[in-house]
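Let's take a walk through this one together, starting on the inside and working outwards. Have a look at the model first.

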Amino acid sequence: MTPSAPNPERVSSTATGRLTRAALAAAVLVGCVGAANGDTFGSPDFTFRGFGTVGAARLDQDHADMVSDVFLQPNGSGHTRRWDMGLDTKVGGQLDIQFNPKLSAVLQVVSKHRYDNSWTPEIEWANVKYQLSPGLSVRIGRTIAPMFMMSDTANVGYANPWIRGPREIYGMVPITHLDGVDLAWNTNVGPAVNSFQVSYGGNKFKAVDDLGITGKHAWIISDAIEYETLTVRLSYLYVDLKFDSSDLDSLVNGLSGLGDALTPGFPVAGSRAHALANQYDVRDTPLEIFSVATRFTPGNWLFMGEWAHLTDAGVLPKTDGWYITGGYHVRKIMPYISVAEVNAKTPSESGIPLAGLPPGPLLGGASALNTGLNMALAAGAPSQKSIALGVRWDLLDTAALKFEYQHIRLDDASAGRFGNLQPGFRPGGNADLFSIALDFVF
């Protein structure tokens, strides 16, 4: 098993600086809003809550790792370590501050296995909330990106039925939070409750392999209606993505440069090279995701399901994903089953036409760029199917022990959601993942 574990003393100066800036911003905003509305301030009420997971997982794969997210976790169970504790283990704390009945603030910090192989705590929530009316509120600051049904509780394993959300859906978007503003409106519609939320903001963060990801002008619009034991939710995401990657930059710049070299003597090939460079430019890539989710809990039963569609965005192809989960409570034990699938429509790019190019640097460069482009497209196209059988045992009112077996089948030309691919890795095939986790809150 992984010997490393979260170390609360490893708070970097960057994280500390962010905490300070977030606290100052919240304090300034509290004063401004309160003064503008004539709200009175007494002694604020502070509430601290914590949560965490201690988990271990084993993947029977020698040339790849099971990771929580291919962008956010560098290694895990499989090639790096047969038994790994970093896949699911995490610890977090949340401070809630109530200034008056209308004004509150929240700060949430989570420590988990990060892109740089550290456990440096990171701020997930840091916002101020103002209750404009009983059903209408606005938040300013850092909030969770509410793309999917369980996004708000993705880090709180105790609040989720599984050990981890199905990667076929929850691995679609690496953006976990937004810095900006959101508006929430809850209202009764007859016997049902409707919850509408719109969020706007952005995020910039580092990922594995020295990749930088920036999301600008992000909009997330969601609407959920709840009637007795049934919830149905719709959501939409738009974001302008930018990938800072030396490999992708070299590929796009190579296509553009070769286009310049080919155009004088081979205008058709040169035009095609320029078109490919523009098509797969990763500096400003609009991305959209549509999703539908439902949750139904009649009696002791649990039924959940989500479907999502991701539009093509540069080297990221059109992707559809879904899962269905069913479970049944027997006192404090709930066995469950999940079936999931993600399909990426990987384009087979013909690339730069080679016919008519003379032997030499132009032909060799065009051939190499065609190969590199198709490799990049294949790497960004996860396609897999999985079935998971699990058991949740609520040991205490604040702790749950979970066991899960998952069988994963990769499509022939895909690495699925595996990360840390090694030279000997071959797309396709099957893998089995065994996991155990203790979730707790305090």
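The lining of the largest cavity is a mix: 9 of its residues are nonpolar, 5 are polar and 5 are charged. Keep in mind that you're looking at a predicted model, so everything here is computed from it.

Where does that lining come from? Helix 2 (167-170) gives at least two residues to it, and so does each of three strands: strand 16 (333-344), strand 17 (384-396) and strand 18 (399-410). In total, 19 residues line the largest cavity, and those closest to its centre are Pro166, Arg167, Glu168, Glu404 and Gln406. The space they surround comes to about 170 Å³. A search of the whole structure turns up 3 cavities of 30 Å³ or more. As for how such gaps get found, rolling a probe the size of a water molecule over the atoms shows where empty space is left.

Now step back to the whole chain. You can count 5 helices and 20 strands in it. Its radius of gyration is 24 Å, close to the 22 Å that the globule rule gives for 442 residues, so the chain is as compact as a globular protein of that length. Along the principal axes, the C-alpha atoms fill a box of roughly 80 × 50 × 50 Å.

How do the parts of the chain meet? Take the contacts between residues at least 6 apart in sequence: 63% of them join residues at least 24 apart.

Finally, the outside. Of the 442 residues, 49% count as buried. The chain exposes about 20700 Å², with carbon and sulfur atoms supplying 61% of that area.

Definitions and conventions
Residues numbered from 1 in each chain as written. Predicted model: local features only at pLDDT ≥ 70, side-chain atom pairs only at ≥ 80, totals over all residues. Heavy atoms only, no water. 1 Å grid on protein atoms, 1.4 Å probe; cavity = no way out; pocket = protein on both sides within 12 Å on 5 of 7 lines; lining within 4 Å. Points joined across faces, edges and corners; volume = space filled by probe spheres on them. Helix = DSSP H or I, 4+ residues; strand = E, 2+ residues; numbered from the N terminus. Nonpolar A, V, L, I, M, F, W, Y, C, P; charged D, E, K, R; others polar. Rg over C-alpha atoms; globule rule 2.2 N^0.38 Å. Buried < 20%, exposed > 50% of the residue type's maximum accessible area, 1.4 Å probe, protein only. Contact = heavy atoms within 4.5 Å. Areas by Shrake-Rupley, 256 points an atom, 1.4 Å probe, with all protein chains shown as cover.
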